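Colleague: I'd like a close look at one part of this model, strand by strand. Please keep it informal, but give me the cut-offs as you go.

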Amino acid sequence: MKLKILIAIILFLTLDLNAQWLKVSEDKHHLVYENGEPFIWIGDTAWELFHRCDREEVELYFKDRAEIGFNIVQAVILGELDGIKVPSSYGERPLIDDNPLRPNEKYFEHVDWVIEKAKEYNIYLALLPTWGDKWHKKWGVGPVIFTDTEVSEKYCEWLASRYKNQNNIVWILGGDRNPETQKHEAITRAMAKGLQKGDDKKHLISFHPMGDKSSADWFHNDEWLDFNMTQTGHWRRHNKVYEIIKKNYEIKPIKPIINGEPQYEDIAVRFTLDNERFTDYDIREAAYWSILSGAFGHTYGNNNIWQMWKPGRKAILGARVPWNLAIHQPGSTQMGFVRKLFESRPFLNMIPDQQVLSDYFGQDYENIKAARGKDSSYFIVYLPKGNTVKLQMQKLNADSVSGYWYNPREGVSKKIEAFKNRKTDMSFVPPTSGERTDWILVLDDVNKNYIDPANFTFNN
């Protein structure tokens, strides 16, 4: 009997492990685990994780991210900040003689360790094989080491083969660069080919472009591109991220869309240090606008964290808070509240629908965004300025309605007691209003017994 129980446990754990591979959902708008459950991408940006952090720092970072609710981290193997020439925390450079076909085993042993440690915390890694300046310098330090398709393909094939059985990896090509020539496109496609050859197409692949662009602009019809990634960038406050998300959401054939680089918390607008800096409000605004417009999640960024800045290092773009303190800045914490909200409702069932709104969509930074369940069993409406909103209640398939005013600043809710749905337009007034006083209105069919999003707990 004990042997049967042990075998059952082993089988269960094996099934659970297999379920962790990610794939595109049947409706092509989402990512899901192998068992069909939604993977809502709540990402952090730690581009220099491999290059600048030792193992103690990596564990501190992953522990904090997991506790908040982040489930994926974007990081670069050949880093932006002179990642070819400047050694890692352990004194190792990634390549011998700057040759992509001569990887330094000692450097990659640390990469191995980081990937395994991420898995312990149920964190996926969106891995860039290289930053973009290694194939298209444009700016930065380079050096350009991917100059032909053969070397590009072989490096990525080696990399993917090394990690072919690691189920917590998503591959991201690009690296803040746009292809500007046919050669650039050919090198990118060669890298993708190498990744697919190396891991038998086990892992998802996307492409990280420059600001205001999307991977769809070059590669949407390529078989290897599993989902689209956009960067809406750091050029303006109240950037209309919903426009590029909506555009990508509607492209045929359908592919999932994610905002992989919106404005970063604590970075100066337009990178000009005399300008104001993006705050937690800007982070929330971009996240809710993106997801309610059709994105399958959102990536957070912080100017101090992406570069893993600490005293003694050159501060890029005005970094000023040591990264191990910046992980506690409010926009970071509030990404956990984003995850709670969307995991508390059937996410695969959610579709953007501005027709839920009756007569006012809001302009610029007052722009209201709405989504509903496909079965119309719930509404989610983001009010960036605590706007009063009028909704077409006939679009909510419920005789009796209840809901919540969800506070995205603090992750708490105020209950809306059940009321009869009269199927007419109805106005809702948030508890407070004003600058940077955003609220989320959640309305539910009472019979569904959906949980208060503030009380939802995830498994990280």
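Six strands form an open sheet here: in what order do they come, and is the pairing parallel or antiparallel?

Modeller: The order is β7-β6-β5-β4-β3-β11, and the pairing is parallel. Before going on, bear in mind that this is a predicted model, where local features need pLDDT of at least 70 and side-chain atom pairs count only at pLDDT 80 or more, while totals for chains, interfaces and linings use all residues. Residues are numbered from 1 along each chain as its sequence is written, and side-chain values use heavy atoms, leaving out hydrogens and water.

The strands are DSSP runs (E, at least two residues; helices are H or I, at least four), numbered from the N terminus. Two of them pair if DSSP finds at least two bridges between them. β7 (205-208) and β11 are the edge strands, each pairing on one side only. Going from one strand to its neighbour, the turn is 25° on average with direction ignored, using axes fitted to C-alpha atoms.

Now zoom in on β5, residues 124-128. On one side, β4 (residues 72-76) runs parallel to β5 and is joined to it by five bridges; Val73 has Leu125 as its bridge partner there. β5 also pairs with β6 (residues 169-174), again in the parallel sense, over three bridges. In that pairing, Leu127 is partnered by Trp171 of β6.

What about burial in β5? Five of its five residues are buried (under 20% relative accessible area, 1.4 Å probe, protein chains only), so β5 is largely enclosed by the rest of the structure. In a regular strand, side chains alternate between the two faces of the sheet. In β5, Tyr124, Ala126 and Leu128 point one way, Leu125 and Leu127 point the other, and all are buried. Leu125 and Leu127 are also the residues we just met as bridge partners, of Val73 and of Trp171.

For context, there is also an open sheet of three strands, β8-β9-β10, with mixed pairing. Its edge strands, each pairing on one side only, are β8 (213-214) and β10 (257-261). β9 (residues 228-231) pairs with β10 in the parallel sense over four bridges, with Thr230 standing opposite Asn259 of β10. Helix α8 (residues 241-250) packs on this sheet and touches β8, β9 and β10, a contact being heavy atoms within 4.5 Å. The direction of α8 makes about 140° with that of β10, on a scale from 0 to 180 degrees between N-to-C directions, with helix axes fitted over the stretch in contact.

Note on methods:
Buried < 20%, exposed > 50% of the residue type's maximum accessible area, 1.4 Å probe, protein only.
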